[in-house]
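This report describes the fold of one protein chain, from its overall dimensions to individual residues. The sequence and the coordinates are shown first.

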Amino acid sequence: MLPKPQEWDQFYAKFKAKSGLDLHLYKATQLQRRIVSMMEQRGAKSLEEFWAGLLAEKDGVVWFQDRLAINVSELFRNPEKYAEMESTILPNLLKQNKNLKIWSAGCSYGAEAHSIAAILCEKFPGNHRIIGTDIDQAALTQARAGEFSDADMKAVPKQYQKYFGRAAKGIVATPQLKKYLQFKTGNLLADRFESSFDLICCRNVVIYFTESAKSELYAKFLAALRPGGVLFVGSTERIFESEKLGYTQALPFFYQKPIEETKTWRNAS
Ligand SMILES: C[S@@+](CC[C@H](N)C(=O)[O-])C[C@H]1O[C@@H](n2cnc3c(N)ncnc32)[C@H](O)[C@@H]1O
């Protein structure tokens, strides 16, 4: 039998106390379906029994949190958007700031961060920093190791393939990329954010969040960008109230924090 609303509330409260993650901020239907499927796998008859089982294991709660997340990704996901980033977004950002501070928010196993590192390394070398954050510890471990599978490689443009070498474990990013990259734990729904980012990439993450959590996050991203900085969202995502929040649209799926009220990078040169 499916858990009752009150049982979900109790489970969410216990998990939040342990992990800091508020599951009320995720879309309920999808999330609860995933949790029920985990309960079934483990033979737990109630949320209470499921929680007790997680607590009884050394890394049970981390195991659960890692499985909550859908961390599908790939290098150069939507390659046409990376082409626009290379031809338009990065050159414009570099006119304002020669060393870029970039954030891959909800980075999963680091494919997005490594893709941007490859573009910077090849076309715009400098003292850039790319920070990747996620709540999924197993994904972060993989991101730090720079390990990918053959499937991750399918959209990598030819000129960037040299940054991903073949090793016994599969595909491994070359050390040239690693110098730009840093991966750490970060909860987008609770943390205070760093500031002065030139570029924030948050793609295919907010699809799991409630509408109000999404709006709050987009407002926090705006505050975390420096004037002129850009937010890059996923190819099925749109910020409906972008102007009301204070963004201008630089290109489809790229939103900019205005430099001044009337001056954007398109007419800034
Ligand atoms: C589908 S992946 C997206 C990966 C990459 N951005 C891309 O587009 O290929 C979604 C990621 O969001 C992460 N995530 C979910 N909730 C999060 C939260 N509250 N804070 C940070 N990351 C979160 C998941 O762990 C997962 O790795």
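## Burial and overall dimensions

Of the 269 residues in the protein chain, 50% are buried. The model is a predicted one. The accessible surface comes to about 13300 Å², and carbon and sulfur atoms account for 52% of that area.

A compact globule of 269 residues would have a radius of gyration near 18 Å, and the 20 Å found for the protein chain agrees with this. Along the principal axes, the C-alpha atoms fill a box of roughly 60 × 50 × 25 Å.

## Secondary structure, contacts and charge

The protein chain contains 10 helices and 10 strands. Where contacts join residues at least 6 apart in sequence, 74% of them link residues at least 24 apart.

The charged side chains comprise 37 positive and 30 negative charges. The mean positions of these two sets are 4 Å apart.

## The largest nonpolar core

In soluble globular proteins, nonpolar side chains tend to be buried together. The largest nonpolar core of the protein chain holds 46 residues. The members that touch the most other members are Leu-23, Ile-35, Phe-50, Phe-64, Phe-221 and Leu-231.

Several helices each supply at least two residues of this core, namely H1 (5–19), H2 (28–42), H3 (47–56), H4 and H9 (211–224). Strands E1 (101–105), E7 (197–202) and E8 (225–233) likewise each give at least two. Helix H9 gives the most to this core, with six residues.

## The loop between H4 and H5

Helix H4 (60–68) and helix H5 (79–96) are joined by a loop in which Phe-76 is found. The phi angle of Phe-76 is near 50°, a positive value in a residue other than glycine. Is this residue buried or exposed? Phe-76 counts as buried because its relative accessibility is 1%, under the 20% limit.

Asn-78 is also found in the loop between H4 and H5. With a relative accessible area of 23%, Asn-78 is partly exposed. Which residues does Asn-78 contact, once neighbours within four places in sequence are left aside? The contacts of Asn-78 are then with Arg-203 and Ser-235. In addition, the C-alpha atom of Asn-78 is separated by 7.7 Å from that of Ala-155, a residue 77 places away along the chain.

## Phe-253 between two strands

A positive phi also occurs at Phe-253, where the angle is about 75° although the residue is not a glycine. Phe-253 is placed in the loop between strand E9 (248–251) and strand E10 (254–256). Its relative accessibility of 22% means that Phe-253 counts as partly exposed.

## Gln-142 in helix H7

Helix H7 (residues 137–145) contains Gln-142. This residue has a relative accessible area of 28% and is therefore partly exposed, since that class begins where the buried class, under 20%, ends.

Not counting residues up to four places away in sequence, Gln-142 touches Tyr-109, Glu-147 and Phe-148. The pair formed by Gln-142 and Tyr-109 is 33 residues apart in sequence, with a C-alpha to C-alpha distance of 5.5 Å.

Terms used. Residues are numbered from 1 along each chain as its sequence is written. This is a predicted model: local features need pLDDT of at least 70, side-chain atom pairs count only at pLDDT 80 or more; totals for chains, interfaces and linings use all residues. Side-chain values use heavy atoms; hydrogens and water are left out. Helices (H or I, at least four residues) and strands (E, at least two) are DSSP runs, numbered from the N terminus. Buried means under 20% relative accessible area, exposed over 50%, partly exposed in between (1.4 Å probe, protein chains only). The radius of gyration is taken over C-alpha atoms; the globule rule is 2.2 Å times the number of residues to the power 0.38. Contact means heavy atoms within 4.5 Å. Accessible areas come from the Shrake-Rupley method with a 1.4 Å probe; for residues, only the protein chains shown count as cover. Lys and Arg count as positive and Asp and Glu as negative; His and the chain ends are not counted. The place of a charge is taken as NZ of Lys, CZ of Arg, CG of Asp or CD of Glu. A nonpolar core is a set of buried Ala, Val, Leu, Ile, Met, Phe, Trp, Tyr and Cys residues joined through side-chain atoms within 4.5 Å.
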